[in-house]
Amino acid sequence: MVCAIGVLASGCGRGMLDGQSPQADRIALLWWLLLSIATVVFFAVTALLGYALFRRRGGATSRFEREPRSEMMFIIGGGGVIPLVLLVVVFAATIATMAAASNDGSSDEMQIDVIGHDFWWEVRYPGQQATAENVIHVPVGRDVRFNLKSDDVIHSFWVPQLNGKTDMIPGSNNSTVIKATTAGAYQGRCAEFCGIGHACMTFILVAEEQAQFDQWIAAQRARSGALPDPQTQDNGECVGPKASGVTRPGDAASARAKTEGAP
Amino acid sequence: MTAAAGRLTRAWGEKNFLTTVFGTVDHKQIAMRYMITAFVFMGEAGTAGLVMRTQLAVPNNTFVGPDHYNQVFTLHGTVMIFLFATPLLIGGFGNYFVPLMIGARDMAFPRLNAFSYWVYLFSGMLLYSSFFAGRAPNGGWFAYVPLTGPKYSPGTNLDFWALGIIFLGISTTSGAVNFICTIFKLRAPGMSINRMPLFVWGMLVTSFAIIFALPPLTLGASLLEMDRQFGTHFFDPDAGGNPLLWQHLFWVFGHPEVYIMFLPAVGIVSTIIPTFCRTRIAAYSLLVLASVAIGFISFGVWVHHMFSVGLPPLSLAFFAAGGMAITIPSGIQIFAWIATIWRGDIVWKTPFLFVVGFLVTILIGGFTGVMVTAVPLDWQVTDSQFIVAHLHYVLVGGVVLPIFGALYYWLPKITGRMLDERLGQIHFWLFFIGFNLTFFPMHFMGLFGMPRRVYTYEPDYGLTALNLIATVGAFMQAAGILVFLANFVKSMIRGDDAGDNPWNAGTLEWATTSPPEPFNFRDVPVVASADPLWDAPGETKWDDRLEDPRGGQREAYGTSVVDADVSEMLVMPGPSYLPLALALSMAALFVGILFQVFVVIAVASAVGLCAVALWFWPEEGNGAAI
């Protein structure tokens with residue numbers, strides 16, 4: 001979705017409003033719908049409140065005083081009926097968006113297992129003998145199902161530009177589907193408070209063309225697996241500035257340059 | 001002082017300094033202690049908030065490290081909710097004003113009331129002592145397992161939290177029982193249930209909500225303590241336990257808790273608006289129904305805290321609908337308030353200013369509330385700064401602004417002195433602008449991808465300016481509160497004399513002196529409407545049959561639940577050291593459990609049982625009747 005509010009554009013570059021997947025787009029659409037309704041209702045109600053507060057009181061009794069019925073109509077209509085109608089709209093939009101954003105994927109969807117650890121991400125590509133840490137590559141334009149688990153406490157898998165959060169809960173299996181429509185490097189992070197290293201538990205999701213992706217998988221298959229460089233120091237402080245510069249789609253090249261150097 | 005007042009003072013007043021300090025059962029004394037204690041806790045938790053905002057003022061800041069930061073935000077949330085807002089509203093305002101507003105002489109169970117306070121004080125001290133021991137809880141106010149379980153949180157930090165919460169729950173629950181009985185049985189003759197002030201209604205619904213909401217929390221915290229100390233595995237997935245069980249138990253409590261704070265605040269708003277609009281409240285019955293409806297629905301929305309844990313879509317849809325349904329009674333409330341203002345003739349004083357601020361901010365908190373019930377949108381904004389914005393619009397805008405309004409409104413009754421209007425308005429604008437500066441930008445931070453509960457962030461998120469603005473706003477809020485404290489001190493030194501009814505309000509607390517005598521009312525009001533002091537002269541009658549207490553006993557009328565017809569004569573208990581003794585022995589018991597010192601546990605249990613036995617020992621003549 002577009003960043004509608006120009007002054008805030010500087011911040012939109014990696015948030016949920018700058019979606020790069022059908023899922024994130026649908027959720028952003030729901031946001032704009034709810035924001036529009038909320039804005040209209042807010043100004044309508046504050047205008048009523050403002051009038052009630054500052055209307056000229058010429059000594060005559062108000063209409064509500066003279067006609068208690070009209071007062072009840074005002075309260076039930078404004079406070080009950082109109083919200084009810086709006087809520088039906090909001091609820092319908094919610095259910096529709098839920099179906100779209102949590103789609104079942106497709107028959108040729110790709111599977112990636114992601115396991116949350118204190119405080120890093122283990123990534124496995126089932127059937128391909130490839131693994132990675134704190135970086136996930138996916139082919140652009142393809143449904144990818146992330147099977148999410150945790151090895152210790154509860155974490156939450158979140159790539160704001162691609163979809164909402166899905167919790168990673170020890171003892172249970174959750175999954176979410178993402179289809180990145182634009183090649184690029186996307187910031188991902190843990191969104192559930194998981195302890196001292198929570199702030200630094202980030203990853204990068206790189207969406208790239210199939211050919212590049214295959215190359216990357218081959219490289220990951222060839223390397224010897226190892227624990228990643230820690231993202232946190234012993235006292236929980238983050239190690240160095242991470243992920244700087246890889247903020248926008250189109251920066252994929254720089255992201256690859258950085259991540260390939262890593263584990 | 002008339003002869004009658006002298007006799008009543010001898011019956012209801014405390015005999016000497018020691019009984020006043022350690023044995024009082026006067027609801028007003030207890031309420032003032034609640035208020036002062038709650039404000040001390042607010043000062044500490046507010047400071048914690050400033051520490052967080054200072055750390056987040058600029059990217060990659062090193063003011064506090066992650067460990068300290070986690071302790072600070074855990075204490076901030078826990079203390080603000082459990083030790084400030086809830087006790088101030090219920091133990092403070094509720095305790096002081098429910099008996100006065102219903103024309104009663106005290107709470108139904110005065111000794112239980114004293115016990116509630118002592119338990120609150122000691123459990124708060126227990127929770128807070130962890131901070132000074134450098135072992136403050138660091139798992140968030142929501143304490144999610146397995147992070148807070150024995151494996152990932154060794155050390156006593158989380159034991160302080162869990163035991164403190166269980167201990168405090170005893171105070172909150174006994175308080176709720178006390179309010180329900182007081183409101184049902186001690187209303188002035190004639191105050192039928194449809195003439196009860198709306199604040200009293202709010203307290204009644206909140207008390208019922210407490211009775212149903214606290215057990216899941218106590219159960220959850222007990223299971224957590226058993227996992228931590230006795231090696232059970234309720235929440236341990238490796239041994240067949242389930243971490244989600246904790247989340248259900250916590251939020252079955254946690255979401256009603258929001259309304260446990262909100263409903264008394266709403267009652268305050270419904271009290272202040274008619275007074276300063278000089279007209280009766282519009283749609284009284286609808287407002288009552290709205291409070292009751294919110295109380296009920298609040299138990300059907302807890303899952304919206306858990307939308308991203310992987311529950312099936314049908315249950316998500318159900319709880320989305322439940323959350324949205326709260327909008328209807330809330331909308332009725334807003335429009336009833338606007339209609340009252342519309343009809344009225346406005347007196348712009350500080351309490352009313354805070355209420356207008358409330359009306360504007362609660363709209364925003366309400367809208368974002370609907371947004372987080374929209375499941376997919378919640379998947380994006382949950383656990384982000386957007387939620388921090390939302391919850392503070394509800395809890396600061398929706399609860400703290402009415403609290404300040406109530407302080408300006410009711411402190412003259414408590415102290416007998418007015419607060420300064422000009423300082424009050426400075427307080428309001430500093431706090432209101434500061435509040436919006438702090439929390440409005442957080443909506444954008446969340447939309448831009450900044451999560452909650454992180455001690456730092458990178459400069460390239462587009463978040464730097466927003467965070468700096470939020471920090472400036474936080475210090476403005478603190479400045480506003482300092483202005484309030486200055487105002488309070490000034491009013492105590494040379495505030496104008498309040499008189500009985502400085503605002504020309506309609507409810508009974510203004511029918512007595514400021515501050516009220518120990519017995520509240522010399523004669524018992526016989527009520528004929530919802531705003532007795534606005535009635536034509538003579539409509540409210542005064543029953544003087546209790547003016548001469550027989551045998552110096554504390555006599556009060558017991559009235560029927562619905563119509564408030566006098567049904568019995570109650571003799572209320574006088575001061576006692578037993579509530580303090582029992583609370584102390586329980587505090588020792590909890591400390592014993594915390595450090596697993598079995599001698600302390602045994603001795604404290606024995607002393608506690610003795611205190612209970614003595615408490616219930618039948619007394620001849622007085623003290624045992626209710």
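Student: What makes the crossing of helix 3 of chain B and helix 5 of chain B left-handed?
Tutor: Keep in mind that this is a predicted model. A crossing gets that label if the near helix is turned anticlockwise from the far one by less than a right angle. Here helix 3 (residues 27–55) of chain B and helix 5 (residues 110–132) of chain B pack at about 15°, and their crossing is classed as left-handed.

Student: How do you know whether helix 3 of chain B and helix 5 of chain B are roughly parallel or roughly antiparallel to each other?
Tutor: Set the angle against the cut-offs: under 35 degrees counts as roughly parallel, over 145 as roughly antiparallel. The helix axes make an angle of about 15° and lie 10 Å apart. Helix 3 of chain B and helix 5 of chain B are therefore roughly parallel.

Student: Which residues of helix 3 of chain B meet helix 5 of chain B?
Tutor: The helix 3 side includes Ile30(B), Tyr34(B), Ala38(B) and Phe41(B). Among their counterparts on helix 5 of chain B are Tyr117(B), Trp118(B), Leu121(B) and Met125(B). By class, the contact has 13 nonpolar, five polar and two charged residues.

Student: On to charges. Why is the pair Arg145(A) and Glu109(A) called a salt bridge?
Tutor: The test is a side-chain nitrogen of Lys or Arg within 4 Å of a carboxyl oxygen of Asp or Glu. For Arg145(A) and Glu109(A), the closest N and O atoms are 2.8 Å apart, so the pair qualifies. Arg145(A) lies in strand 5 (residues 144–150) of chain A and Glu109(A) in the loop between helix 4 (68–101) and strand 1 (110–117) of chain A, so the bridge ties together parts that are 36 residues apart in sequence.

Student: Are Arg145(A) and Glu109(A) buried or exposed?
Tutor: Buried means under 20% relative accessible area. Arg145(A) comes in at 15%, so it counts as buried, and Glu109(A), at 15%, is buried too.

Student: What makes Asp345(B) and Arg278(B) a salt bridge?
Tutor: Their closest N and O atoms are 4.0 Å apart, and the cut-off is within 4 Å, so the pair is counted as a salt bridge. Asp345(B) sits in the loop between helix 11 (327–343) and helix 12 (350–373) of chain B, and Arg278(B) in the loop between helix 8 (243–277) and helix 9 (284–297) of chain B, so the pair joins parts 67 residues apart in sequence.

Student: Why is Arg278(B) called exposed?
Tutor: Exposed needs over 50% relative accessible area, and Arg278(B) has 55%. Asp345(B), with 39%, is partly exposed.

Student: How do you know that Lys490(B) and Asp420(B) pair up?
Tutor: Their side chains meet at 2.7 Å, N to O, which fits the within-4 Å rule. Lys490(B) lies in helix 16 (residues 464–494) of chain B and Asp420(B) in the loop between helix 14 (385–415) and helix 15 (421–447) of chain B, so parts that are 70 residues apart in sequence are tied together. Lys490(B), with 27% relative accessible area, is partly exposed, and Asp420(B), with 22%, is partly exposed as well.

Student: How many salt bridges does the structure hold?
Tutor: It holds 19 over all chains. Some form a network, linking Arg280(B), Asp531(B) and Asp535(B).

Student: Now the backbone. What makes the phi of Asp383(B) worth a look?
Tutor: Most residues other than glycine have a negative phi. Asp383(B) is not a glycine, yet has a positive phi of about 60°. Its place is in the loop between helix 13 (375–381) and helix 14 of chain B, and at 8% relative accessibility it counts as buried.

Student: What about the phi of Arg453(B)?
Tutor: Arg453(B) also has a positive phi of about 60° without being a glycine. It is found in the loop between helix 15 and helix 16 of chain B. With a relative accessible area of 12%, against a cut-off of under 20%, Arg453(B) is buried.

Student: Where is there a cis peptide bond in chain A?
Tutor: One joins Asp118(A) and Phe119(A), with omega about -5°. Most peptide bonds are trans. Phe119(A) lies in the loop between strand 1 and strand 2 (120–125) of chain A. In chain B, a cis peptide bond joins Ser514(B) and Pro515(B), with omega about -10°, and Pro515(B) is in the loop between helix 16 and strand 1 (524–526).

Note on methods: Residues numbered from 1 in each chain as written. Chains lettered and ligands numbered in written order. Predicted model: local features only at pLDDT ≥ 70, side-chain atom pairs only at ≥ 80, totals over all residues. Heavy atoms only, no water. Helix = DSSP H or I, 4+ residues; strand = E, 2+ residues; numbered from the N terminus. Buried < 20%, exposed > 50% of the residue type's maximum accessible area, 1.4 Å probe, protein only. Axes fitted to C-alpha atoms, helices over the stretch in contact; angles between N-to-C directions. Parallel < 35°, antiparallel > 145°, perpendicular 65-115°, else oblique. Contact = heavy atoms within 4.5 Å. Nonpolar A, V, L, I, M, F, W, Y, C, P; charged D, E, K, R; others polar.
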